[in-house]
Amino acid sequence: MVEALNYLASNILVDVDPMFKKQPICELCDQKPATTIVGYRSATGPTVSGWKYACGSCPTTPDEAKSFGFDDLFANPSATVSMLANLEDAGTTDWHSFMAMMQRLRSATNG
Ligand SMILES: [Zn+2]
């Protein structure tokens with residue numbers, strides 16, 4: 001029985017559809033696995049910029065404006081479309097910064 005469970009754990013359970021080919025590491029602490037996307041308020045206005053992927057355990061800062069988990073953003077295609085559309089509706093997202101973060105995320109995960 002134990003051998004069967006070990007077989008399942010090592011051959012099946014750990015390989016269940018990982019979100020990424022390679023686990024991205026937090027851009028803030030450079031240590032823990034990233035699970036969240038964070039955007040920061042511009043010093044000069046309502047623009048949300050400086051987007052980073054983060055572990056969710058790093059301390060928040062007063063200039064943090066938006067954050068959401070990979071589990072929410074990538075839950076399914078509809079969730080991704082809805083969250084991106086909501087960011088556009090807000091009218092404050094610096095898309096250049098957001099897409100630069102997505103390109104770094106793609107590289108970090110072997111895209
Ligand atoms: Zn971190």
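Which residue in β2 does tyrosine 40 stand opposite? Select tyrosine 40 and look across: serine 49 is there, in β2. Keep in mind as you click around that this is a predicted model.

Next, stay with the strands. Another pair to pick out is threonine 36 with its bridge partner in β2, alanine 54. Colour all of β1 (36–41) and β2 (48–54), and you'll see the two pair in the antiparallel sense over five bridges. A hairpin of six residues takes you from β1 to β2.

Now add β3 (64–69). You have an open sheet of three strands, in the order β2-β1-β3, with antiparallel pairing. β2 and β3 are the edge strands, each pairing on one side only. If you fit axes, neighbouring strands here are turned by 20° against each other on average, direction ignored.

Go back to β2. Six of its seven residues are buried, so this strand is largely enclosed by the rest of the structure.

Time for the inside. Select Cys26, Ala34, Ile37, Val38, Tyr40, Val48, Trp51, Tyr53 and Ala54: these nine residues make up the largest nonpolar core. β1 and β2 each supply at least two residues of this core, and β2 gives the most, with four. As background, nonpolar side chains tend to be buried together in soluble globular proteins.

Last stop: zoom in on tyrosine 53. Leaving out residues up to four places away in sequence, tyrosine 53 touches Pro24, Glu27, Ala34, Thr36, Ile37, Met101 and Leu105. Two of the names to highlight in that list, Ala34 and Ile37, also belong to the core you just selected.

Methods: Residues numbered from 1 in each chain as written. Predicted model: local features only at pLDDT ≥ 70, side-chain atom pairs only at ≥ 80, totals over all residues. Core = buried A, V, L, I, M, F, W, Y, C linked by C-beta atoms within 7 Å. Buried ≥ 20, exposed ≤ 12 C-beta atoms within 10 Å, placed from the backbone. Contact = placed C-beta atoms within 7 Å. Pairing = 2+ DSSP bridges. Axes fitted to C-alpha atoms, helices over the stretch in contact; angles between N-to-C directions.
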